[in-house]
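Subject: Structure for you to look at

Dear colleague,

Here is the structure I said I would pass on. My notes on what I found follow below it.

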Amino acid sequence: SSMISGEHSFYLVPSSESFVPFFDNFEVKSGGSFGIRHRFLRRNQAVGAVSLSPAFLDFEAEATASYSRAWSGGTAVEMPLNFRFGLPLGLGMRLGFPISKNGVRQTALGLQYTYFPLQIGIAADYVNPRREGFSVLRLTMLTMQDIFFLNLLANATYEFQVEENAEFYLRLGVPVAHIFLPYLAVSVKAKQISKMPLIKTELGALLQAGNSVSLAVGTHLNTAGDFGIYLGIQKVFSFEKENSVKSSDEVSGARGTIIWDINEVSNAEFRKWKGERWQNDDYPAVSVSLQEAMDYARSVGKRLPTVEEWKREVSAMAVENYGGECATPNLTKVYEGKIVNGLRNFSGNVAEWLLPSAETSPVSSVAYFGGVSYGDTEAACSRKRNSVDVSSSKGSAFIGFRLVKDL
């Protein structure tokens, strides 16, 4: 509500390199409101590896085409198609339709449990048929982690069959510009402990082609003399209604049951409501009485913060984060200045009106305000910025106001 009308862009960057940032454009219209709710896409596409299951009620489709050629001259083409469905409680269903594997058609059906806070999981798949008609029960432990600047995906797989197979897959990627992930992968596969394992190296890259689409391209080489190339595409589908907000915890800036405006109310907003012409539109509205501030807040569906709410917000900010506001003798524009804990100019610029204990009661001649203003000396600012004070309810050139909205 404190943003300037017009076109804006936003870029959401996750705290973990295991997830892909999100970019979008939007338009702010006067008097309107909007919410942004987004779930980040994981970098979990990997050829020949087990990946983390999707979130609840989402599903991922992955198609891969690979061409391999042996040193002896034989060739093989594989075009697997895999699906992963999100289920409650961190569960997921897995369904695979490789067209052929070593000349034998096969399908896979399984379940997976993923503990998302740690990004670790376990998957069990039933594969039929395998090789000369044998069915296989395949059990896999998997994890995706960030190690320093690397993105790691690891699988440890064991197959229960006539000839037992064990395989370990490790992929290390280096995220570049958030949307590009070149990686090196190594897999070691052994049919029996007594036999030499098959070692396969894979050099590839993931490219985020959209907010829910990723591409993979690469080449592989193994100790059996096979080398080849592959191309993959992964699409994430969500069945959850977009642009919906279910709780205050999912709203940026939410603190308890209220949302604070980032900026102080400007002259452009307040004077337009009063039907007045004003020159300094981008500066905070000052010389506004407490009653006028309360009336304006009510007209836009908001209110002034209470003394308790203001003190609670102060306690959430470290004093050292206030920076040089106490050394700023001039009034600044509402959208200029440092943002601390989601609020701009919370200490400094202008002091801010606070709501009386009972808004419906007549406003007395003395009213509370919080913080300090450009008119305070540096010594007074350092002394008063954590406390509330009283002033005439008719207003002052040093007192403006900021609004909050109840959720």
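Leaving out residues up to four places away in sequence, Phe270 touches Val265, Ala285, Val288, Glu292, Tyr296 and Phe401. This is a predicted model, and the contacts are to be read as such. Phe270 is among the residues with the most contacts inside the largest nonpolar core, together with Leu304, Trp353, Phe401 and Leu403. That core has 18 residues. At least two of its residues come from each of α2 (290–299), β22 (351–353) and β23 (366–370). Helix α2 gives the most, with five residues. There is also a second, separate core of 16 residues, and Val50, Ala123, Met144 and Ala216 are among its members.

Confidence

The average pLDDT over the chain is 81, and 85% of the residues score at least 70. The stretch to watch is 241–256, where the pLDDT is below 50. In the model this stretch has 21 contacts beyond near neighbours in sequence. Where pLDDT is low, the predicted coordinates should not be read in detail.

Sheet around β22

β24, β23, β22 and β25 form an open sheet of four strands, in that order, with mixed pairing. The edges are β24 (388–392) and β25, each of which pairs on one side only. β22 and β23 run antiparallel and are joined by two bridges; Glu352 has Gly370 in β23 as its bridge partner. Helix α3 (residues 307–315) packs on this sheet and touches β22, β23 and β24. The direction of α3 makes about 140° with that of β24.

Salt bridges

The structure holds 12 salt bridges. Three of them are described here, followed by a network.

Glu352, already mentioned for its place in the sheet, meets Arg402 in a salt bridge, at 2.7 Å from N to O. Glu352 lies in strand β22 and Arg402 in the loop between β25 (399–400) and β26 (404–406), so the pair ties together parts that are 50 residues apart in sequence. Both Glu352 and Arg402 are buried.

Arg138 and Asp125 also meet through their side chains, with 3.7 Å from N to O. Arg138 is in strand β11 (residues 134–147) and Asp125 in strand β10 (residues 120–130), with their positions 13 residues apart in the numbering. Both Arg138 and Asp125 are buried.

The pair Asp295 and Arg298 has its closest N and O atoms 3.1 Å apart. Both residues lie in helix α2, three residues apart, which is about one turn of the helix. Is this pair buried, or is it partly exposed? Asp295 counts as partly exposed because its relative accessibility is 27%. Arg298 is partly exposed as well, with a relative accessible area of 47%.

As for the network, Arg271, Lys274, Glu276 and Glu292 are joined into one by salt bridges that share partners. Glu292 is also one of the residues that Phe270 touches.

Strand β5 and its partners

β5 (residues 58–70) pairs with several strands. With β17 it runs antiparallel, over 13 bridges, and Ala61 has Lys235 as its bridge partner there. With strand β7 (residues 81–86) the pairing is antiparallel over five bridges, and Phe59 is partnered by Phe85. With strand β6 (residues 75–78) there are four bridges, again antiparallel, and Tyr67 stands opposite Val77. β5 and β6 form a hairpin with four residues between them. Gly73, in the turn, has a positive phi of about 115°.

On the β17 side, Ile233 may be worth a look. Ile233 lies in strand β17 (residues 226–238) and is partly exposed, with a relative accessible area of 41%. Which residues does Ile233 contact, leaving aside its neighbours within four places in sequence? They are Gln45, Ala61, Glu62, Ala63, Val213, Ser214 and Leu215. Between the C-alpha atoms of Ile233 and Val217 there are 9.0 Å, and the two residues are 16 apart along the chain.

Regards

Technical notes:
Residues are numbered from 1 along each chain as its sequence is written. This is a predicted model: local features need pLDDT of at least 70, side-chain atom pairs count only at pLDDT 80 or more; totals for chains, interfaces and linings use all residues. Side-chain values use heavy atoms; hydrogens and water are left out. A nonpolar core is a set of buried Ala, Val, Leu, Ile, Met, Phe, Trp, Tyr and Cys residues joined through side-chain atoms within 4.5 Å. Buried means under 20% relative accessible area, exposed over 50%, partly exposed in between (1.4 Å probe, protein chains only). Contact means heavy atoms within 4.5 Å. pLDDT is the predictor's confidence in each residue, from 0 to 100. A salt bridge is a side-chain nitrogen of Lys or Arg within 4 Å of a carboxyl oxygen of Asp or Glu. Two strands pair if DSSP finds at least two bridges between them. Axes are lines fitted to C-alpha atoms, for helices over the stretch in contact, and angles run from 0 to 180 degrees between N-to-C directions.
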